[in-house]
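Please open the structure in a viewer and follow the selections below in order. The tour proceeds from the whole chain to a pair of neighbouring elements.

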Amino acid sequence: MTQHSQSTKDKMKALSELGFSSREIAKLVLGSETKKSSVNRVLASGGKSVKPKKDTEDNSRILFISDLHIPYHHPDSFTFLRHLKEKYKPTRVICLGDELDKHSLSYHESDPDLYSAGHELDASIPFIHELEEIFPKMDILESNHGSLVWRKAKTNGIPKHYIKSYNDVLGVGKGWKWHFDMTLDLPDGTQCYVHHGKASDVLKLSQQMGMSAVQGHYHTDLGARFWANPNGLYFGMQCGCLIDRESYAFAYSNVNIKKQLIGTGLIIDSLPIVEPMILNERGEWKKR
Ligand SMILES: [Fe+2]
């Protein structure tokens, strides 16, 4: 990971305070728009000199949880996740974000036939608690849906200090930890970048980051592809989603030919595994 001098960090912080986006700051200070993740990292640290934390978790068997969009998740998605837990015995669980839909809080127009913001939260909490019972320890990526309350607060000029933490809102324990992005140290010595959804082409993201990459967000993309350079073999993996395609919350996607792909992904012994959730003609999970 590139270490920036304190003066570079100060420039980034100053431009951010003037309202420049991470992309613009990356172009102005680092000479390339694609380095905006580097800017985000500096800004997330408050512009202070911090050493990247070493990843000390056991990453030998990682289960990813793709976009659930609770309470509009697939009715069999939790059974499917319990099955994957039993089958792969994950040493680490990472939720890729969009754990909640927050449809009624969206910046897009909301459907009056769906829940209001309060009802949606009430309806979601029991599912969140069930998910915590299955996975008491979990890393979660910040995301466009999951972080809607924070995003709305920012839009309306409300400082973070006034907002409850994700753990407090959902009533979950300290075992659930939220991250902007993550860099995992895999057992074979390679690294893997994890983000909710930074680029529509995850293979390109992997090449730009110089390490493997895993994403959620792109509901119609489920799969893993490899690439190599003289130094090693890397992969990009998209994990699909675990939504209920029949829900009104996803009516917007009816205009698309591409349908959402239901499933998720894992990294087992440093290699990606894709697990599609095969559905029968009634849309129920067909356990194989
Ligand atoms: Fe999503």
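Begin by colouring the protein chain by burial: in this predicted model, 45% of the 288 residues are buried. Switch next to a surface representation, where the protein chain exposes about 15300 Å². Carbon and sulfur atoms supply 53% of that exposed area.

Return to the C-alpha trace and orient the protein chain along its principal axes; the C-alpha atoms fill a box of roughly 60 × 50 × 40 Å. The radius of gyration is 19 Å, which agrees with the value near 19 Å that a compact globule of 288 residues would have. Contacts may be displayed at this stage: of those with a separation of 6 or more, 64% join residues 24 or more positions apart.

Select the charged side chains now. The protein chain carries 37 positive and 35 negative ones, and the centres of the two sets are 7 Å apart.

Change to a cartoon, in which eight helices and 11 strands can be located. Among the strands, select β1, residues 61-65, together with β2. The two pair in the parallel sense, over four bridges. To find one point of register, pick L63, whose bridge partner in β2 is V93.

Finally, show the side chains of β2, residues 92-95. Are the faces of this strand covered or open? In a regular strand, side chains alternate between the two faces of the sheet. In β2, R92 and I94 lie on one side, and V93 and C95 on the other. These four residues are all buried, so both faces of the strand are covered.

Technical notes:
Residues are numbered from 1 along each chain as its sequence is written. This is a predicted model: local features need pLDDT of at least 70, side-chain atom pairs count only at pLDDT 80 or more; totals for chains, interfaces and linings use all residues. Side-chain values use heavy atoms; hydrogens and water are left out. The radius of gyration is taken over C-alpha atoms; the globule rule is 2.2 Å times the number of residues to the power 0.38. Buried means under 20% relative accessible area, exposed over 50%, partly exposed in between (1.4 Å probe, protein chains only). Contact means heavy atoms within 4.5 Å. Accessible areas come from the Shrake-Rupley method with a 1.4 Å probe; for residues, only the protein chains shown count as cover. Lys and Arg count as positive and Asp and Glu as negative; His and the chain ends are not counted. The place of a charge is taken as NZ of Lys, CZ of Arg, CG of Asp or CD of Glu. Two strands pair if DSSP finds at least two bridges between them.
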